[in-house]
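Trainee: I have this model open on my screen and would like a close look at a single part of it. Could you walk me through the inside, one piece at a time?

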Amino acid sequence: MKVSIVVPSKGCKYLGYLLTGLRDQNVKPNEVVLVIKGCDLRHVEDLCSRNNLPCVIIEQKSGYVTSAMNIGKKEAKGDLIIFTDDDAVPLSKWIERYIKLHVMYPSIAGISSRDMYLNLENMKLMPIPDDKVTTKLYRWAIRPWLNKPHPLLRKYRMGVYLTKNLNVAHGPFIPGRECFSLPLRGVNMSFKASYVYDVWFPEHRLLRRAIGFEQYYGLQLVLKGLDTIYVPSNPVLHIAREESLSRTRDKTAKAEYYVMKILFKELLSKYGFD
């Protein structure tokens, strides 16, 4: 199974950590598609050369993160396409585990896993809301009553799903147990290329971070009659920085949520769902 890694990068500040992690994989990627913006091209080429990686480097001229991911996906030649961020640090068996999982589940179109925030100053893992006891209790006891899944996604209610109001919600099996789930986060998700040839990330002039783009991508697969799952067993480390930690507190987040809900509604209507 040939593997393509697709990475959007703006600024490329932390890209070296990712490429070192890919270099140290016990199963090497067949290609690393880097879609870069605001980066020093020679520096990126040097990083790829020093890590002995088969990089395809594309300079992004316009658009935001989802544009970059669509560019990378279009370029990818592998049987398995794995998306990640430029500030991720994959563990040494990350690619191997995804290959084994996709072989184990041949009819599953997409498999995602979690990320764990890494503090570079002390090289320690940071706690995140997903792991709090209060979060887990809320997802078990309250969310099933308040945030019921869209009828199309009933079997996804234990993982990441869309509510009847088209909000993204996390069920009680996130982050600790395997389940049917829309993709959790763009930093760690994989898809069989044969199932996603006509599936694309949402692009809109107001979508900079495009909060919810992972679920939009997965919803397209569900509407095609396919399934995606979440597994907790193949995490990546994610370098902690303010931009990542404040993603949902960004000033533009409210507008982006509104746009994404419209796009979710339009996509469902296209397939005859309200």
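Mentor: Happy to, and we will start at the core, move on to the strands, and finish with one helix and some aromatic rings. Please keep in mind that this is a predicted model.

Let us begin with the largest nonpolar core, which has 43 residues. Within this core, F83, L153 and L219 touch the most other members. Several elements each supply at least two of its residues, including β2 (31–37), α3 (65–75), β4 (80–84) and α9 (253–270). The largest share, seven residues, comes from α7. Apart from this core lies another one of 30 residues, with L15, I111, V187 and V231 among them. In soluble globular proteins, nonpolar side chains tend to be buried together.

F83 is a good residue to click on. Leaving out residues up to four places away in sequence, F83 touches V6, M69, K73, G186, V187, N188, M189, F191, F201 and Y217. F83 also belongs to an aromatic cluster together with F191, F201, F213 and Y217.

Now for the strands, with β6 (residues 108–112) as our starting point. Five of the five residues of β6 are buried, so this strand is largely enclosed by the rest of the structure. β6 pairs with β13 (residues 227–230) in the parallel sense over four bridges, and three bridges join β6 to β12 in an antiparallel arrangement. S112 lets you see both pairings: its bridge partner in β13 is Y230, while in β12 its partner is M189.

Strand β14 (residues 236–239) also has two partners to look at. β5 (residues 88–90) pairs with β14 in the antiparallel sense over three bridges, and V89 stands opposite L237 there. β7 (residues 115–119) runs parallel to β14, joined by four bridges, with Y117 and H238 as bridge partners. In a regular strand the side chains alternate between the two faces of the sheet. In β14, V236 and H238 point one way, L237 and I239 point the other way, and all of them are buried.

Next, turn to helix α2 (residues 41–50), where V44, L47 and C48 are buried. Seen down the axis of α2, the buried residues fall within an arc of 95 degrees, so they line one face of the helix. An α-helix has 3.6 residues a turn, so residues three or four places apart point the same way. What covers the buried residues of α2 includes α1 (15–23), β2 and β3 (55–59). On the face of α2 turned away from the buried side you will find the exposed residues R42, S49 and R50. Both ends of the helix deserve a glance too. At the start of α2, a side-chain oxygen of D40 reaches to within 3.0 Å of the backbone nitrogen of R42. After α2 comes N52, whose phi is positive, near 55 degrees.

Finally, back to the aromatic rings, where the count comes to eleven aromatic pairs. One of them is Y14 with Y17, a tilted pair with 6.5 Å centre to centre and 40 degrees between the planes. Y14 is buried, with a relative accessible area of 16%, whereas Y17 counts as partly exposed at 42% relative accessibility. The cut-off for buried is under 20% relative accessible area, and for exposed it is over 50%.

How values were computed:
Residues numbered from 1 in each chain as written. Predicted model: local features only at pLDDT ≥ 70, side-chain atom pairs only at ≥ 80, totals over all residues. Heavy atoms only, no water. Core = buried A, V, L, I, M, F, W, Y, C linked by side-chain atoms within 4.5 Å. Buried < 20%, exposed > 50% of the residue type's maximum accessible area, 1.4 Å probe, protein only. Contact = heavy atoms within 4.5 Å. Pairing = 2+ DSSP bridges. Arc of directions from axis to C-beta. Polar contact = N/O pair within 3.5 Å; in protein donor to acceptor, adjacent residues only side chain to side chain. Phe/Tyr/Trp six-rings, centres within 6.5 Å; stacked < 30°, edge-to-face > 60°.
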